[in-house]
Amino acid sequence: MKVSSTSPESSLSPAHGRATRLGLMRLFAVAGALAIGLFSVAMAMLLSRFLEDRMLERDAVVSRDFVQSISNVQQLGSVLPLGDVKRIGEEPRFTEFVAHMSALPDVLRVNIYGADRRVLWSSRPEMIGRVFGSNPELDEALAGQTVAHAEDGHDAPDKAEHMLLGARPRDYVENYVPVTVGQPARVVAVVELYRRPDALFDAIRSGQRLVAVGAAAGGVF
């Protein structure tokens, strides 16, 4: 009497093999779709953030060039060493400089800080002469860097110098512009501009929508 033996592989029917391959294909399709979706969302978020940061930085650089050119014309470097806030505020060259700053488009408020962090002038007179607490953006500007700062959320806490501003942090941009003199450049003041650049915000939102649509279309394709 003969005994026949069959291996596990030979016992699998062709239909079972096809079902296994089909299951693997479905699993690969789902995993691939998830991976593409996650990649598309991540790229859209990254590019949107990059676009916003670059456009805000470019806007701040334009403000910096304007502020510095006016400072050079008014010879602000010879006015600020007067030291006393009242004397500086009465100096005609400083007064004219302030008038130019206040005339900038989309400006909600202007603060001008001395190298000692004291407010030399503000469009809110009650702030003149005050020294506020920790402000990393002001510290960077005093170190010579132009800073464009926009809050990420509507519920972001206000800084002390935001008093009486009358706008939510997300509705405006803070530009910290160092005023320099001499070679090598030495920071003698910082102009803080609170601006609501609606045209810039619209351009940023349009660019972000384009990025989102492009990422979604690429992911679907």
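The questions and answers below go through a predicted model of a protein, from its overall make-up to single residues.

Q: How many helices and strands does the protein have, and in what order do the elements run from the N terminus on?
A: In this predicted model, the protein has 6 helices and 5 strands. Read from the N terminus on, these elements follow one another as α-α-α-α-β-β-α-β-β-β-α.

Q: In what order do the 5 strands form the open sheet, and which are the edge strands?
A: Strands of a sheet pair through backbone hydrogen bonds, and this can happen in a parallel or an antiparallel way. Here the pairing is antiparallel, and the open sheet has the order S2-S1-S5-S4-S3. An edge strand pairs on one side only, and this holds for strand S2 (119–122) and strand S3 (147–149).

Q: By how many degrees are neighbouring strands of this sheet turned against each other on average?
A: The sheet in question is the open one with the order S2-S1-S5-S4-S3. When direction is ignored, its neighbouring strands are turned against each other by an average of 20 degrees.

Q: Which strand is joined to S5 by 9 bridges, and which residue of S5 is the bridge partner of Thr180?
A: The strand joined to S5 by 9 bridges is S4, residues 173–181, and the two run antiparallel. They form a hairpin with 4 residues between the strands, in which Gly182 takes a positive phi near 75 degrees. Within S5, the residue that serves as bridge partner of Thr180 is Val187.

Q: Over how many bridges do S1 and S5 pair, and what is the bridge partner of Val107 in S5?
A: Strand S1 covers residues 107–114 and strand S5 covers residues 186–195, and they pair in the antiparallel sense over 7 bridges. For Val107, the bridge partner in S5 is Arg195.

Q: Why is S5 largely enclosed by the rest of the structure?
A: A residue counts as buried when its relative accessible area is under 20%. S5 is largely enclosed because, of its 10 residues, the number that are buried is 9.

Q: Is Gly114 buried or exposed?
A: Gly114 has its place in strand S1, and beyond its neighbours within four places in sequence, this glycine is in contact with Leu120, Leu142 and Val188. Its relative accessibility is 5%, and because the cut-off for burial is under 20%, Gly114 counts as buried.

Q: Which helix lies across S1, S2 and S5, and at about what angle does it run to S1?
A: The helix that lies across S1, S2 and S5 is H4, made of residues 92–102. Relative to S1, helix H4 runs at about 145 degrees.

Q: Which residues make the nonpolar surface patch of about 390 Å²?
A: One member of this patch, Leu47, lies in helix H2, which spans residues 14–74. Leu47 is partly exposed because its relative accessible area of 39% falls between the limits of 20% and 50%. The patch of about 390 Å² is made by Phe39, Met43, Leu46 and Leu47.

Q: What percentage of the residues of the protein count as buried?
A: The protein exposes about 13,400 Å², and carbon and sulfur atoms supply 61% of that area. Of its 221 residues, the part that counts as buried is 34%.

Key. Residues numbered from 1 in each chain as written. Predicted model: local features only at pLDDT ≥ 70, side-chain atom pairs only at ≥ 80, totals over all residues. Heavy atoms only, no water. Patch = residues over 30% accessible without salt bridge, like charges linked within 9 Å, V, L, I, M, F, W, Y side chains within 5 Å. Areas by Shrake-Rupley, 256 points an atom, 1.4 Å probe, with all protein chains shown as cover. Salt bridge = Lys/Arg side-chain N within 4 Å of Asp/Glu carboxyl O. Buried < 20%, exposed > 50% of the residue type's maximum accessible area, 1.4 Å probe, protein only. Pairing = 2+ DSSP bridges. Axes fitted to C-alpha atoms, helices over the stretch in contact; angles between N-to-C directions. Contact = heavy atoms within 4.5 Å.
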